[in-house]
Amino acid sequence: MSYARRALAVAWKDLAVERRSKETLNALVFFSLLLLFVFQFTLGGDRERLAAVLPGVLWLGFVLSALLALGRTFLVEREHDCWEGLLLAPGDKSAIYLGKLAGNLALMLVVEALVLGLFVVFFDIDLGRALPGLLVVVLLGTLGLAAVGTLFAAMTANVRARELLFPVLLLPVQIPVLLATVKATEALLLGEPLGAVGHWVKLLLAADVVYVVVSLLTFDVVLEA
Amino acid sequence: MPDHWSFVAAAYGLTAAVLLIYWRRLATKEREVEASKRLNAERSREPSITGHPRSEPASRTPLQQNQRPGAPLP
Amino acid sequence: MVKTLGWLTAAALAAGLVMAFGVAPREVTQGNVQRIMYVHVPLILASYVAFVVLAVASLVYLVRRDLAADRVAHASGEVGVMFVGLGIATGSIWGKPTWGTWWTWDARLTSVAILFVMYLGYLLLRGTIDDPERAARYCAVLGIVAALDIPLVHFSVYWWRTLHQPPSLMKPGGFTGSSSILWPLLVNLLAFILLYVYFVARRARLLRAQAEAIA
């Protein structure tokens, strides 16, 4: 099997499991609904104040659901005792990483689309012209989150207190991505064109490249038994 | 502008205290490890009939065994 | 050898103190409180040295699989986090009388704070893995990711702080340039780098002794 096909096999397996059981997806959808309540109650009904913090809150929603989703990346294998099976996959282990990354990316994008939809309805955001630019920013930001998240999930899968350690390791490393996405989203929602936030998009691109390349190179080391 | 000597003292004092505590901790840990190493070395040097790393309980001689009954304790 | 290094470090630190309080002049605008700089700046710079050494040692471990490299990385992480923590604390103590606040979200302060939490996470990860070989592998990966993240953090925080509002007016180091301040600073910097090397040498030696005692 070629490298790409092996990566696809892992991604397809995860998505098939998820499609049939809907374990993670159901919980995440419910969680993002709950987040809506939390944000509404903590921020109050003041429209103007809400509009000012909306980009940050939106990304807070994305990040919180990402922490839940990404942290579970390798738990399917652990809970069903398939860890060894995954390790025994022939060839370069980084194919497993790519597959897991693709699966995570798909899952997160579904959840984020849902969260964004809920925000549009409940917080009355006018996406309008901002949508194409927003899509670019969300895509790049999510890729950054998922790239490091998948790597760290593999690291923390076999560690004590993994639910605690995963966010503690991921969040500090992801601060550049968070700053870039929140600032870019803020500008885009104010009606500025994508060109105005070019430096943030470049930063996100650089971050994504760095994260994916480093993860591909080091994933073999993490999975060593 | 006033000199704020108390802030200077606080900054230097805090740094000195933390660095000293770390230095002392290193020294204590080193001594602990040395002591446990020496203990392990002594234990492994003890003769053992059964090949156990520690002496067998049966091979130890209690004090009373070597004394005649009724004799005063040393 | 470590002992000689220790005495050398002690001498350098003493010289640094003499320079900071005896040689360096009283700063014109800030007064004597500016003397905090001679401990604050060397601490932060030495911690950067520590994190660079950590990244290099991590890379060396992954290539050579030598636990000695991992011990250097571990020791550097510990000393580096301690130095950054102290640097933030001394900076805070300096900030209160000069800026009127213990903390502001200025670009430089923020990126140093992010560095602190990032490497605190590194030490946490080390603490939760019992198998030394696995701890070395995971921490080496994290050390490399963190090191590559430093420039990203730097740029993002800089843009975050400066593009939408003017940079903060009073920054430590905004008045450098005169040699009467430069020399005391350099002596202290050398002293703290020596201290870092000394601590790492002792910590790494201790880590080896601990590993041998368990084995």
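Modeller: A residue is buried if 20 or more other C-beta atoms, placed from the backbone, lie within 10 Å of its own C-beta, exposed if 12 or fewer do, and partly exposed in between. By that count, 8% of the 74 residues of chain B are buried. In chain A, 43% of the 225 residues count as buried.

Biologist: What should I know about the model before reading on?

Modeller: The model is predicted, and local features need pLDDT of at least 70, side-chain atom pairs count only at pLDDT 80 or more, while totals for chains, interfaces and linings use all residues. Residues are numbered from 1 along each chain as its sequence is written, and chains are lettered from A and ligands numbered from 1 in the order in which they are written.

Biologist: How many helices and strands are there in chain A?

Modeller: Chain A has ten helices and zero strands, in the order α-α-α-α-α-α-α-α-α-α along the sequence. Chain B has one helix and zero strands. Helices (H or I, at least four residues) and strands (E, at least two) are DSSP runs, numbered from the N terminus.

Biologist: How do you know whether chain A agrees with a compact globule?

Modeller: The radius of gyration, taken over C-alpha atoms, is set against a rule of 2.2 Å times the number of residues to the power 0.38. For 225 residues the rule gives a value near 17 Å, and chain A has 18 Å, which agrees. Along the principal axes, the C-alpha atoms of chain A fill a box of roughly 55 × 35 × 30 Å.

Biologist: Why is A:Phe152 called buried?

Modeller: A:Phe152 has 30 other C-beta atoms within 10 Å; the cut-off is 20 or more, so A:Phe152 counts as buried. A:Phe152 belongs to helix 7 (residues 131–156) of chain A. Beyond its neighbours within four places in sequence, A:Phe152 is in contact (C-beta atoms, placed from the backbone, within 7 Å) with A:Phe166, A:Leu169 and A:Leu170.

Biologist: Where do those three partners sit, and are they buried or exposed?

Modeller: A:Phe166, A:Leu169 and A:Leu170 are among the buried residues of helix 8 of chain A.

Biologist: What makes A:Val110 partly exposed?

Modeller: A:Val110 has 15 other C-beta atoms within 10 Å, which falls in between the two cut-offs. A:Val110 lies in helix 6 (residues 94–122) of chain A. Its C-alpha atom is 9.4 Å from that of A:Val29, although the two are 81 residues apart along the chain.

Biologist: How do you know whether the length of helix 8 of chain A agrees with the rule?

Modeller: The expected span is 1.5 Å times one less than the number of residues. For the twelve residues of helix 8 (residues 162–173) of chain A that gives 16 Å, and the end C-alpha atoms are 17 Å apart, which agrees. For helix 1 (residues 2–23) of chain C, with 22 residues, the expected span is 32 Å and the distance between end C-alpha atoms is 30 Å, which agrees as well.

Biologist: Which residues of helix 1 of chain C are buried?

Modeller: They are C:Thr9, C:Ala12, C:Leu13, C:Gly16 and C:Ala20.

Biologist: How do you know that the buried residues of helix 1 of chain C line one face?

Modeller: The arc is that of the directions from the helix axis to the C-beta atoms. Down the axis of helix 1 of chain C, the buried residues fall within an arc of 105°, so they line one face. An α-helix has 3.6 residues a turn, so residues three or four places apart point the same way. The face turned away from the buried side carries exposed residues, including C:Lys3, C:Trp7 and C:Ala14. Helix 2 (37–64) and helix 6 (179–214) of chain C are among what covers the buried residues of helix 1.

Biologist: Which pair of chains has the most contacts?

Modeller: Two pairs of chains touch, and chains A and C have the most contacts. There, 25 residues of chain C meet 25 residues of chain A. Helix 5 of chain C supplies the largest share of the chain C side, 16 residues. That side holds 20 nonpolar (Ala, Val, Leu, Ile, Met, Phe, Trp, Tyr, Cys, Pro), two charged (Asp, Glu, Lys, Arg) and three polar residues (the others, Gly among them).

Biologist: How do you know that chain A and chain B are not in contact?

Modeller: No contact joins chain A and chain B, and their closest C-alpha atoms lie 25 Å apart.
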